[in-house]
Amino acid sequence: MLNRNIEVFMCCDKEADEAGTVLFGAPFDCTTSYRPGTRFGSGAIRRESFGIESYSPYQDKDLQDIAVMDLGDLELCLGDASTALAQIEEAAEEILTAGKRPFLLGGEHLVTLGAFRAAARHFPELHVIHFDAHADLRDDYLGAKLSHACVLRRCWELVGDGKIFQFGIRSGDREEFRWGMEHVTTRRFDFEGLEETLDRLSGKPVYFTVDLDVLDPSVFPGTGTPEPGGVSFDALRRAVTLVCSRANVVACDVNELSPPYDPSGISTAAACKVVREMLLALH
Ligand SMILES: [Mn+2]
């Protein structure tokens, strides 16, 4: 049988009417503060997904048995962050309006803001679970409000105090941590307290954002701002599975894979496996 050559994340080839989750990529990295390259992340995750199995022995589930659609990458304006964010927001809006869950593949972490704006409009009581090495709570970075170093601060402006729960954080300036203590809940270094947070957010709509640099650079070197002292792959796998199976995740993203810094391919493999475990736990 002849098939069209259309690249999707492994097994995510369902049609819109049956899909509960819709993947889409935002190949954008223009506010990256250190090493660029995450614009190639979503494409690499899609391409390399075929290097891992569709079956998860951790969850005894298979991607072949769930209904996910992959829209591919958005064609984004790389030179202008606000235009790119509007394009991401529009795509997320369309997915949410269709009653489906957007699953965004970055790109740098700023792309979260586009999808988050649409989700916050659809779900007024939106909460955030944020895994990252970096607090991303700066009001501006070198004068720019739209920067991946400020993305959670921009999200906070939309949802207010007490809605954002961060885990794995081990980097930021003194002012960011001080500001964060008053406005968000930050768990430093690991995932302790995650189960209690999930109990607290039971039934509430959750936006789940995963910056892969929460992983230790020894298992995830392929990223723009590596931060030693991170979590193990297995700790992240358990944590994302817990969030996706227990929380009411209405939208999510995985970001900050930078393939140019991943010559061995191990970081991309880790990213693929995180996406697979999240998709399986969501369904
Ligand atoms: Mn980060």
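**Manganese site and pockets**

Good morning. In sequence, the residues that donate to the manganese ion follow the spacing D-x1-H-x76-D-x1-D. Please bear in mind throughout that this is a predicted model.

Let me place that pattern in the fold. One pair of these residues, Asp132 and Asp213, links distant parts of the chain, with their positions 81 residues apart in the numbering. Asp132 sits in the loop that runs from strand E6 (127-131) to helix H4 (151-159). Asp213, for its part, belongs to the loop between strand E9 (205-211) and helix H7 (233-246). Both Asp132 and Asp213 are buried.

Which atoms, then, are the protein donors of the manganese ion? They are an OD atom of Asp132, ND1 of His134, an OD atom of Asp211 and, listed twice, OD of Asp213. These donors lie 2.2 to 2.6 Å from the ion.

I turn now to the pockets. The largest pocket has a volume of about 400 Å³. It is lined by 15 residues, of which Arg4, Ile6, Val8, Cys12 and Asp13 are the closest to its centre. By class, that lining comprises eight nonpolar, one polar and six charged residues.

The second largest pocket has a volume of about 200 Å³. Its lining also counts 15 residues, and those closest to the centre are Ser33, His134, Asp136, Arg138 and Ala149. His134 in that group is a residue we have already met, as a donor to the manganese ion through ND1. The class composition of this second lining is two nonpolar, seven polar and six charged residues.

That concludes my presentation. Thank you.

Key. Residues are numbered from 1 along each chain as its sequence is written. This is a predicted model: local features need pLDDT of at least 70, side-chain atom pairs count only at pLDDT 80 or more; totals for chains, interfaces and linings use all residues. Side-chain values use heavy atoms; hydrogens and water are left out. Donors are N, O and S atoms within 2.8 Å of the metal (3.2 Å for Na, K and Ca); water is not among the atoms, so sites may look incomplete. Helices (H or I, at least four residues) and strands (E, at least two) are DSSP runs, numbered from the N terminus. Buried means under 20% relative accessible area, exposed over 50%, partly exposed in between (1.4 Å probe, protein chains only). On a 1 Å grid over the protein atoms alone, a cavity is a set of points where a 1.4 Å probe fits but cannot get out, and a pocket is an open set with protein on both sides within 12 Å along at least five of seven lines; lining residues have an atom within 4 Å of a point. Grid points are joined across faces, edges and corners, and a volume is the space filled by probe spheres set on the points. Ala, Val, Leu, Ile, Met, Phe, Trp, Tyr, Cys and Pro count as nonpolar, Asp, Glu, Lys and Arg as charged, and the others, Gly among them, as polar.
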